[in-house]
Amino acid sequence: MKQRWNRRTFLARTSAATLAALAAGAPIPSLLSGCSRIGKTASVPGTADTVILLWMAGGMAHTETFDPKKYTPFQTGMEGNRVLSTFKSVPTVIDGIHFSDGLQAIGNVMDKGTLIRSYVAADMGHILHSRHQYHWHTCYEPPQTVAAPHIGAWIAKELGPKNPVIPAFIDIGQRFTVGEGEELKAFHTAGFLGNEFGPFFIPDPSQGLESVRPPVGMDARRFERRNQLYNDLISNSPLGEFGSDYQKESLRRSMEQAYRLLNSPEAKAFDLSTEPKASYDSYNTGRFGLGCLLARRLTEQGARFISVTTEYEPFKGWDTHENGHTRLEAMKKQIDGPIAQLIKDLDKTGHLERTMVIVASEFSRDMMVEGRPDAKVLEQVNQPDILSDLKFYGMHRHFTDGCSVLMFGGGIKKGFVYGKTADERPCKTIENPIRIEGIHQTIYHALGIPPDTQYEIEKRPFYTTPDGKGKAVADLLA
C-alpha cells in the first residue's frame with residue numbers, strides 16, 4: 001500500500017536532518033550570530049580520516065562487559081554487596097585480559113585496538129542520562145549559553161566531506177519519539193557552526209534508502225518546486241527574519257547537499273538489500289547490528305563521521321534499573337557479533353588503518369554506589385541490600401568513577417590496555433584516569449585537528465574542548 005503524501009508530511013521528512021538543531025531549542029544568540037574562525041595552529045598530518053562512534057546509550061556497566069571482576073552466581077537471599085560481576089570472565093586474544101561472558105567475538109579482535117579501563121565521567125550532581133550524554137558528545141557540561149556543537153559537527157566543519165556527495169556527519173539509529181527526545185536533540189546538532197555540518201539522520205538503518213530518495217510519486221520537477229517552497233519557508237520563518245546570514249546560508253547549503261545525494265550513484269550505499277546475504281546475516285542482530293553494517297558501507301563511500309547508537313530509552317537497553325543480568329544477556333547478543341564483524345571487515349579492506357572506531361557509554365553502573373564513592377548523589381534506584389529476586393541481580397545504580405571505552409584503528413595502539421580499576425568495591429579508577437576532554441582531543445589529534453581550534457561566538461572564543469585545554473593521551477597512539 002502506497003503512503004499518501006501531503007505538503008506537511010513531505011516537508012517534515014525532507015527537512016528532518018536540517019531542522020533538528022532548530023527543534024532542539026538552541027539558544028537564540030547561536031541563531032542570530034555567525035561564527036568566525038580565530039587564528040589557530042596549522043593542521044598537522046593525521047593518522048585517521050574517518051570516525052565511527054558506536055554509542056552504548058543508557059550506561060554500560062564496566063564490570064559486566066569489558067572490565068569483569070569476581071563472578072558471584074545468583075542465590076536467593078544473597079547480599080548485594082557481594083556481587084561484583086554477574087557474568088563469568090572469558091579470555092580475549094590479549095594475554096591476561098578478560099571480558100565478561102557474551103563478548104567473545106569482540107574479545108577476539110582486541111589485538112586490533114585499545115581497551116581503556118579508566119574513563120571517569122563528570123560529576124554534575126544529580127545524574128541524568130541526557131546531561132551526561134550531552135557532555136560526552138560535545139565535551140561541554142550543560143547548560144551552555146550557546147549551542148555547543150556535537151563532536152561529529154566539529155569534524156565535519158574542520159575536515160569537510162571526504163566525498164562531496166556523502167553527508168560528512170551521519171547519525172544512525174537515533175529517534176526523538178522515545179525517551180528524553182527533546183533533551184537528546186540538544187546535542188544532536190552542529191550548534192553555532194551551522195546546519196550544513198549537523199547530522200544526517202537515519203533512524204532505522206533497514207530503511208536507509210528511504211532517507212535519500214524522494215517519496216513515491218515525486219518526480220524531479222515536482223521535487224524542484226517543493227525545494228523552492230522549502231527555501232521560501234526558510235525566508236519567512238523566525239530564522240529567516242532574525243537569523244544571521246551565516247546561519248541561513250548554512251541551512252540552504254545543507255539542503256543542497258541532500259539534493260545532490262538524491263541523484264548520486266553513492267545513494268545505493270544506503271540500501272542494505274544489496275548486501276550479500278551471508279554478510280547481511282552476520283550483522284543482523286537488530287537495528288544496532290544493521291547500523292554497524294550501514295556504517296561500514298558508508299565508510300567505504302567516504303563518510304567522515306558516523307554515529308551508531310543502541311538508543312536510550314528509560315528502563316530499557318543498557319538502562320538497567322532492574323533485571324540487569326538478563327537485560328545484559330540480550331544487549332550483548334545485539335552488539336558482540338556486529339562490532340567484531342565491523343572491525344574485521346574494515347581491517348580486511350584496509351579501511352581500518354584510517355578509520356577510528358570507538359565504543360563508549362555515558363557512564364557505568366554498580367550494585368551499591370550511586371555516583372562515585374567521594375561524591376555520592378541522590379539515589380534513583382530501589383535496590384535492596386538482600387537480593388530476594390533475580391530482577392535485583394545486576395548493576396542498577398549509576399556509577400561515574402570507572403568506565404570502559406574501546407578504540408580501534410586510525411592510529412590507535414593495537415593489543416593495548418590503558419588504565420585500571422579496583423578489583424573490590426568500589427570498582428573505581430585507580431590508574432591513569434582519563435576524562436572526556438582527553439578522549440576528544442585524542443580523536444582530534446588523530447584527525448590532524450589542532451587543540452587550539454576555535455571560533456568566535458558572542459564575541460568570545462569557543463574551542464573544541466573547554467578553553468582549548470584538552471590534551472591528547474599520547475599513550476593511546478601508536
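Here are legends for a set of close-up views of this predicted model.

Before you start, note that residues are numbered from 1 along each chain as its sequence is written. Because the model is predicted, local features need pLDDT of at least 70 and side-chain atom pairs count only at pLDDT 80 or more, while totals for chains, interfaces and linings use all residues; side-chain values use heavy atoms, with hydrogens and water left out.

**View 1. The whole protein chain, with its 14 helices and 21 strands.** Helices (H or I, at least four residues) and strands (E, at least two) are DSSP runs, numbered from the N terminus. Of the 478 residues, 57% count as buried; buried means under 20% relative accessible area, exposed over 50%, and partly exposed in between (1.4 Å probe, protein chains only). The chain exposes about 19400 Å², and carbon and sulfur atoms supply 50% of that. Those areas come from the Shrake-Rupley method with a 1.4 Å probe, and for residues only the protein chains shown count as cover. Now for contacts, meaning heavy atoms within 4.5 Å: among those with a separation of 6 or more, 78% are between residues 24 or more positions apart.

**View 2. Helix α5, a mostly covered stretch.** This helix runs over residues 129-138, and 9 of its 10 residues are buried. Among them are His-129, Tyr-134 and Trp-136.

**View 3. Helix α5 packing against helix α14.** The axes of α5 and α14 (residues 436-447) are 8 Å apart, at an angle of about 35 degrees. Axes here are lines fitted to C-alpha atoms, for helices over the stretch in contact, and angles run from 0 to 180 degrees between N-to-C directions. His-135, Trp-136, His-137 and Thr-138 of α5 touch Ile-436, Ile-439 and His-440 of α14. Sorted by type, the contact has 3 nonpolar residues, 4 polar and no charged. For that sorting, Ala, Val, Leu, Ile, Met, Phe, Trp, Tyr, Cys and Pro count as nonpolar, Asp, Glu, Lys and Arg as charged, and the others, Gly among them, as polar.

**View 4. The loop between α5 and α6, home to Cys-139 and Pro-143.** Just after α5, Cys-139 takes a positive phi of about 75 degrees, although Cys-139 is not a glycine. Cys-139 is buried, with a relative accessible area of 2%. Further along, Pro-142 and Pro-143 are joined by a cis peptide bond, with omega about 0 degrees.

**View 5. Helices α12 and α13, side by side.** The axes of α12 (residues 287-301) and α13 (residues 324-349) come within 8 Å and cross at roughly 15 degrees. That makes the pair roughly parallel, a label for angles under 35 degrees (over 145 is roughly antiparallel, 65 to 115 roughly perpendicular, and the rest oblique). Residues meeting here include Phe-288 and Arg-296 in α12, and Leu-342 and Asp-345 in α13. The contact divides into 7 nonpolar, 4 polar and 3 charged residues.

**View 6. Asp-345, a residue of helix α13.** Buried or exposed? Asp-345 is buried, at 15% relative accessible area. Leaving aside neighbours within four places in sequence, Asp-345 is in contact with Tyr-283 and Arg-296.

**View 7. Two loops, with Pro-426 and Asn-432.** Pro-426 sits in the loop between β18 (420-421) and β19 (429-431), and the peptide bond from Arg-425 to Pro-426 is cis, with omega near 0 degrees. Asn-432 lies in the loop between β19 and α14. Its phi is positive, near 50 degrees, in a residue other than glycine. At 39% relative accessibility, Asn-432 counts as partly exposed.
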